[in-house]
Amino acid sequence: MIQSTSHDSSAHDTHHAPPAQFTVRVLRQDVPGGSSYWERHTVKRENDMNVISVLQRIAANAETADGEKTTPVAWDCNCLEEVCGACTMVVNGKVRQACSALVDKLLVDNPEEIELRPMTKFPVVRDLMVSRARLFRALQKVKAWIPVDGYYDMGSGPRVSAESQEQAYPLSQCMSCGCCLEACPQYTKIELKQEEGETAEAFQARQKEAYDRGFVGAHAISQVMLFNKHPTGAMNAGERLDALTAEGGIQACGNAQNCVAVCPKEIPLTTSIGRAGRATTVHVIKKFFDR
Amino acid sequence: MQGPRIISVEANSASFFSRNEFLIRRLHSLTGLVPVGAYMCIHLITNASTLGGAPMFQKNVDLIHSLGPALPIVEWSFIFLPLIFHAVVGVAIIRSGNPNLSSYHYVGNVRYVLQRATAWIALAFIAWHVFHMHGWFHNEWWLENVANEDLGGHRFDPKHAASTAALALEAPIRKLAYFIGVVSCVFHFANGLWTMGITWGVWTTAAAQKRANWICGAVGIVMTVVGLSALVGVAKTDVVAAQAYEDTKLQMKQEEEQRVAAENKRLSSLTAEERLAERKAREANH
Amino acid sequence: MAKERVLVVGGGLAGLAATMQLAEQGVAVDLMSLTPVKRSHSVCAQGGINSVNDLTRQQGDNEYLHFDDTVYGGDFLQHQPPVKEMTEWGPKIIDLMDRLGVPFNRTPEGYRDQRRFGGTLFKRTAFAGATTGQQLLYALDEQVRRWETAGSVKKYEFWDFLGPILDENGVCRGAVAQDLVTMEIRTFAADAVIVATGGCGLIFGRSTMSMACTGSAVARCFRAGAKYGNGEFIQVHPTAIPGADKLRLMSESARGEGGRVWVPRIPQDPRPPKQIPEAERYYFLEERYPKYKNLVPRDIATREIFSICTEDGLSVEKDRLCVYLDLTHLPRESLNKLGGILEIYEKFQGVDPREVPMKIFPAVHYSMGGLWVDYERTPAGGLKLGAIKNQVTNIPGLYAIGECDYQYHGANRLGANSLLSCIFSGLIVAPTVQTWIASLKGKLAADQPAALYDAAKKRHQDEHNAMLKRPGGGENPYLIHQELGNIMTKAATVVRHNDALRDAYKQVQALEARAAKCSLSDTGNWTNQNVVFTKALWDMFPIAKCILKGALQRDECRGAHYKPEFSMPGIDASASPEERRRLAEEWVDTFDANTKKWLKSTVASLGPDNEPVITYEDVDTSLITPRPRLYGLVGADIIEEVWKQRQAAKSAAPKDTNGSHSEKSAAAAASAS
Ligand SMILES: Cc1cc2nc3c(=O)[nH]c(=O)nc-3n(C[C@H](O)[C@H](O)[C@H](O)COP(=O)(O)OP(=O)(O)OC[C@H]3O[C@@H](n4cnc5c(N)ncnc54)[C@H](O)[C@@H]3O)c2cc1C
Ligand code: HEM
Ligand code: SF4
Ligand code: SF4
Ligand code: FES
């Protein structure tokens with residue numbers, strides 16, 4: 001804060017001088033289901049720039065590289081420090097957070113251009129903004145919560161060993177960003193269209209149903225393992241495993257392990273998947289014989 | 001860009017597959033190992049015995065065929081049906097995915113794609129292989145009119161195991177096809193073993209998965225060597241000599257069979273007293 | 001019969017706590033937020049959450065000391081009963097969060113681990129890795145999702161709150177809001193509206209806050225007649241990483257784990273930091289504050305870092321002001337505890353702070369000010385739970401909780417106390433709202449005339465349409481925002497001067513006039529972020545002016561508000577003992593006079609000319625007598641001596657007025673609210 005003077009990039013002197021300006025190619029789409037088109041913008045390079053600040057400059061400028069008037073590109077963000085998960089998009093072909101995508105690093109790979117696209121697995125709302133309702137619906141489906149009795153004071157929670165805290169904590173950092181889903185070859189896009197005369201509620205219900213049929217995704221599987229490990233959460237472990245063995249459950253995973261490779265929080269998703277595999281195996285067999 | 005895949009709810013509303021998705025997927029996984037995978041290993045080991053020469057191979061083949069009339073039942077229930085199940089579900093699985101190797105060049109992703117590519121190869125290869133060797137159906141008309149020499153079907157004769165196998169794979173193109181087929185199937189099996197361990201929760205942590213990777217890799221390499229040694233085996237087979245041996249063996253076998261048949265016939269024509277007398281005489285001889 | 005409904009605006013810690021509690025009590029809740037609630041700004045909180053615990057208790061800690069630390073840290077500007085109640089709830093709140101599954105760090109024996117934060121001598125802060133706020137928020141988010149799945153909560157995410165709806169009696173009956181995707185404007189009938197929209201850092205351009213922290217929702221309540229309290233108290237965090245879009249926080253826990261702040265003694269020493277020998281490093285916080293060392297309260301750390309760069313000219317770099325925050329001497333285990341925040345530095349600066357000292361500088365971080373809210377005290381000095389007055393703004397039916405109320409942190413917030421106040425205010429507002437709804441005697445919002453809502457909707461729809469129709473070629477809202485940020489940052493952060501504040505106020509007024517002429521580059525009616533931003537910008541002005549005017553009028557130093565002109569110098573150590581004694585007496589006299597004059601909440605309301613009008617309100621200090629903050633002051637010893645003697649004399653004499661510090665007489669004192 002405080003000073004607005006520009007500073008020099010003594011920290012970045014290992015590479016040759018970055019260009020004074022660069023092109024940003026954005027895949028835009030005006031409405032859901034509409035056709036998409038590329039638009040090019042020229043942006044002046046500044047120190048410590050990330051893709052968010054690039055989009056901010058584009059919004060302020062509202063002009064394409066050819067000098068034509070245009071509307072600001074729509075995108076989603078909040079924290080700007082990679083903890084809220086809002087700003088996920090496809091940057092230079094790879095899904096990631098726009099706020100932690102540093103321009104100077106991107107320009108090392110390709111000095112001419114930065115390419116921005118919306119995620120491909122979620123319905124586009126507009127430009128770089130997508131609807132991740134399905135992702136949150138999956139958390140409902142797998143009951144990703146601790147079913148406490150209530151919120152009155154009942155003393156402290158169960159004792160937890162440092163070791164299990166160390167196992168739980170990484171899983172609990174999932175910020176529902178959707179990277180793992182975007183990169184997963186088994187997670188395919190579900191986009192419904194509101195029918196004419198269909199009420200918003202009916203449409204939502206139809207969406208939910210369709211989402212429930214689709215693959216829940218690595219994030220939700222991992223959340224199941226998080227809650228099933230918690231001493232209180234374990235009391236409902238079976239319900240969550242039921243969800244994981246229902247349609248769209250863990251069986252849809254094809255073990256490509258892209259999820260774990262792209263997760264910005266480095267959550268051991270494939271370990272969760274393996275553990276969930278074991279738990280569901282045991283659960284289903286037990287259920288069969290306990291019937 | 002991948003185009004949107006719009007799933008219509010009505011279309012697949014609670015189909016049998018979707019209701020039993022978990023069970024079907026686990027059965028698919030299981031059939032990959034047993035019986036299909038296990039059979040493949042036995043089959044490749046048997047084939048490798050061509051290296052040991054025509055007699056050894058013939059002996060192994062005979063062992064399998066000693067099941068006689070039970071063989072088709074065993075083959076269908078333990079090999080073909082599970083394989084067809086695995087293949088049909090496998091195709092459905094492949095179609096449910098959306099590979100994205102061009103964007104994400106991770107080893108896991110490469111293997112995911114290879115698993116599917118080798119599945120297609122295995123499908124084509126196994127179909128061709130079974131046609132090529134057995135002609136698919138053991139129906140007279142079919143064997144004469146479709147799976148005949150012109151179309152290259154039904155080339156394997158279990159009674160002339162080494163020689164017909166060698167002849168069938170004589171053309172380099174066939175050897176190449178066999179090579180690709182076997183390598184693909186083995187990769188598919190070994191990599192499948194590894195994914196199976198995750199699917200069923202045998203290896204869970206990254207470290208365990210790495211260790212399992214070594215084991216599955218070793219299985220893959222061993223099975224590749226075993227599978228390919230059959231190629232060497234058939235290449236080394238002297239068809240004429242093998243045929244001669246097989247013919248002699250077959251002739252001996254036939255003679256023996258005839259002898260046994262004649263003997264049986266003779267025995268059955270005797271009266272009970274005569275048979276008793278004969279046995280006594282034999283015992284006295286001992 | 002219509003069922004009661006409550007609208008909660010904002011799904012940070014405060015909003016989610018309230019939602020969850022209301023849902024449990026069987027009230028239907030509409031929960032509205034600019035972002036999906038799981039992405040609320042609360043996820044950014046790294047350090048931890050304060051409460052007394054069994055361990056600190058045995059070291060002599062108790063709720064009262066936590067309470068004392070909080071009001072002392074806040075320079076006594078907060079009403080004491082709510083704070084007292086909050087600190088008493090602290091242990092219960094941590095227990096609750098623990099039960100909800102927050103993965104708090106553990107001791108080898110399996111108990112919750114604690115760390116020490118600025119402003120206290122106890123290890124009072126429970127933490128979950130370096131993402132405590134995220135973990136707490138997720139636990140509440142999960143509970144709310146549970147209620148949502150059960151159907152008792154309906155979420156409206158990607159909705160912008162446009163303002164409360166008041167009936168002809170000035171009672172809040174719901175709100176107007178806009179869908180950020182479809183741009184639909186609609187009304188929400190509600191028997192109570194709870195605003196939990198967090199801070200307003202964006203008024204300063206770049207800050208440590210998230211992009212949704214525009215303060216617009218609060219401003220819209222202010223425009224509707226709600227009062228705004230203690231606006232001028234803006235906390236500037238001592239340690240942030242300067243970036244182009246945001247100033248990313250380097251948590252206090254970096255210092256808590258043993259991080260040391262220093263500058264080279266040679267100005268702009270060109271050597272790499274690790275090569276500068278100990279003797280040539282100036283550990284200025286340790287030298288100036290031997291008791292608290294690097295853990296001095298935030299305002300002091302901020303000012304020291306600021307002045308070492310500006311006044312002493314010892315900034316590490318010449319054209320970018322910054323100092324070193326050094327962790328490189330720490331063992332790996334303590335660095336591991338900090339994992340997350342070190343990754344942030346590495347991720348955004350491309351340098352590993354385990355190897356190279358970090359460069360940091362202060363940044364706007366927290367707004368102590370916020371919507372004025374009421375409370376009802378018990379005779380014992382606590383809060384009367386469920387009382388109709390708790391957390392209510394001056395508009396009946398409109399409540400404020402979390403960072404956007406002004407209630408808990410006075411002139412300065414103690415580290416790790418905000419998460420506590422957010423959850424606390426969220427939990428206690430629920431029974432209050434129940435009491436309020438009961439008092440409506442069935443005259444629910446659902447039964448209000450449709451005309452009330454239609455009129456409100458029409459007004460906002462017309463405004464929206466007019467905005468889209470503005471002629472092109474006008475002002476650019478994004479550039480105006482930058483200018484506003486620069487003005488505010490220069491005039492109203494670490495050090496404040498009256499002439500600069502006066503000037504800034506005029507500049508902001510001029511800017512506001514220009515903002516009214518902003519034209520939009522997007523005039524469409526689908527996910528138009530341009531118009532949403534322009535509206536938010538427009539609503540930054542009233543709060544910006546509250547901040548500036550409050551700061552201008554408050555001629556003293558208190559907490560985060562620092563005017564060098566009115567600072568109270570220390571006492572010359574070289575003077576004779578008698579002289580020092582005399583100076584100390586004088587010092588205490590001045591202090592008393594200042595307390596009398598300025599120990600008052602600043603309360604702003606919107607005047608007829610659209611400018612804030614400021615009045616002052618007494619503070620309930622009946623539980624702990626305000627005393628001088630003497631951290632590091634030269635001559636603190638003698639001042640303290642005089643102070644104590646006077647206090648002793650006072651309590652010996654019979655007393656009945658405000659200012660008594662004994663708990664018994666406090667009980668008799670009337671509520672000052
Ligand atoms: C970097 C950082 C670190 C911090 N670390 C700590 C710490 O270690 N310990 C501590 O105690 N405190 C810490 N704080 C402070 C603390 O995080 C915040 O004070 C607290 O999270 C605020 O919570 P809240 O619920 O009031 O609001 P927020 O979490 O800010 O949530 C506001 C909600 O309101 C919604 N909203 C806003 N405007 C509108 C509108 N117009 N219409 C609809 N919805 C709207 C938003 O979408 C959001 O859901 C930190 C703060 C920062 C910036
Ligand atoms: C030689 C014959 C075959 C063998 C030995 C074999 C074996 C295996 C094994 C062990 C697996 C691992 C299962 C798991 O991951 O859980 C597997 C997976 C798979 N197989 Fe086969 N298979 C064979 C033929 C085929 C054929 C013909 C197809 C379809 C065309 C096919 C399609 C698949 C697919 C798609 C998978 C991946 C399943 C998943 O990822 O969940 N396989 N196979
Ligand atoms: S491991 Fe499973 S969930 Fe992860 S990317 Fe692969 S298929 Fe998707
Ligand atoms: S698991 Fe990782 S990639 Fe997936 S949503 Fe969570 S944080 Fe994002
Ligand atoms: S803006 Fe929060 S993750 Fe990027």
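pLDDT is the predictor's confidence in each residue, on a scale from 0 to 100. The structure described here is a predicted model, and chain B is a convenient place to start reading that score. The mean pLDDT of chain B is 90, with 95% of its residues at 70 or more. Among the elements of chain B, helix α8 has the highest confidence, at 97, whereas helix α11 (residues 272–285) has the lowest, at a mean of 80. Residues 1–12 of chain B call for more caution, since pLDDT stays under 50 throughout this stretch. The model does give these residues 26 contacts beyond four places in sequence. Where pLDDT is low, however, the predicted coordinates should not be read in detail.

Turning to how the chains are arranged, two pairs of chains touch, and the pair with the most contacts is A and C. This contact draws on 82 residues from chain A and 84 residues from chain C. About 6,900 Å² is buried between the two chains, and carbon and sulfur atoms give 52% of that area. Three salt bridges are found across the interface of chain A and chain C. For a closer look, Glu81(A) can be followed to Lys246(C), with which it forms a salt bridge whose closest N and O atoms are 2.9 Å apart.

Chain B also contacts chain A, with 39 residues of chain B meeting 47 residues of chain A. The area buried between chain B and chain A is about 3,500 Å², and carbon and sulfur atoms again contribute 52%. Here the count of salt bridges is zero. Chain B and chain C do not touch, and their nearest C-alpha atoms are 21 Å apart.

The surface of chain B carries a nonpolar patch made up of Ile121(B), Ile173(B), Leu176(B), Phe179(B) and Ile180(B), which together have about 450 Å² of accessible area. Helix α8 (residues 172–199) of chain B gives the most to this patch, with four residues. One residue of that helix is Ile173(B). With a relative accessible area of 62%, Ile173(B) is over the 50% cut-off and therefore counts as exposed.

Salt bridges are found well beyond the interfaces, and a search of the whole structure gives 78 over all chains. As background, side chains of opposite charge can pair when their charged atoms come close. In chain A, Lys189(A) and Glu191(A) form such a pair, at 3.6 Å from N to O. Both partners fall under the 20% cut-off for burial: Lys189(A) counts as buried because its relative accessibility is 10%, and Glu191(A) because its value is 11%.

Chain C offers further examples. Arg629(C) and Asp75(C) meet in a salt bridge at 3.9 Å, N to O. Arg629(C) lies in the loop between β21 (612–618) and α19 (636–652), and Asp75(C) in the loop between α3 (63–73) and α4 (80–99), so the pair ties together parts of chain C that are 554 residues apart in sequence. Both Arg629(C) and Asp75(C) are buried.

Another pair in chain C joins Asp98(C) to Arg112(C), with 2.7 Å from N to O. Asp98(C) is in helix α4, while Arg112(C) is in the loop between α4 and β4 (114–115), 14 residues apart. Asp98(C) is buried, with a relative accessible area of 3%. Finally, a network of salt bridges in chain C links Arg581(C), Glu585(C), Asp589(C), Asp592(C), Glu641(C) and Arg646(C).

Key
Residues numbered from 1 in each chain as written. Chains lettered and ligands numbered in written order. Heavy atoms only, no water. Contact = heavy atoms within 4.5 Å. Patch = residues over 30% accessible without salt bridge, like charges linked within 9 Å, V, L, I, M, F, W, Y side chains within 5 Å. Areas by Shrake-Rupley, 256 points an atom, 1.4 Å probe, with all protein chains shown as cover. Salt bridge = Lys/Arg side-chain N within 4 Å of Asp/Glu carboxyl O. Helix = DSSP H or I, 4+ residues; strand = E, 2+ residues; numbered from the N terminus. Buried < 20%, exposed > 50% of the residue type's maximum accessible area, 1.4 Å probe, protein only. Buried area = accessible area lost by both parts, 1.4 Å probe.
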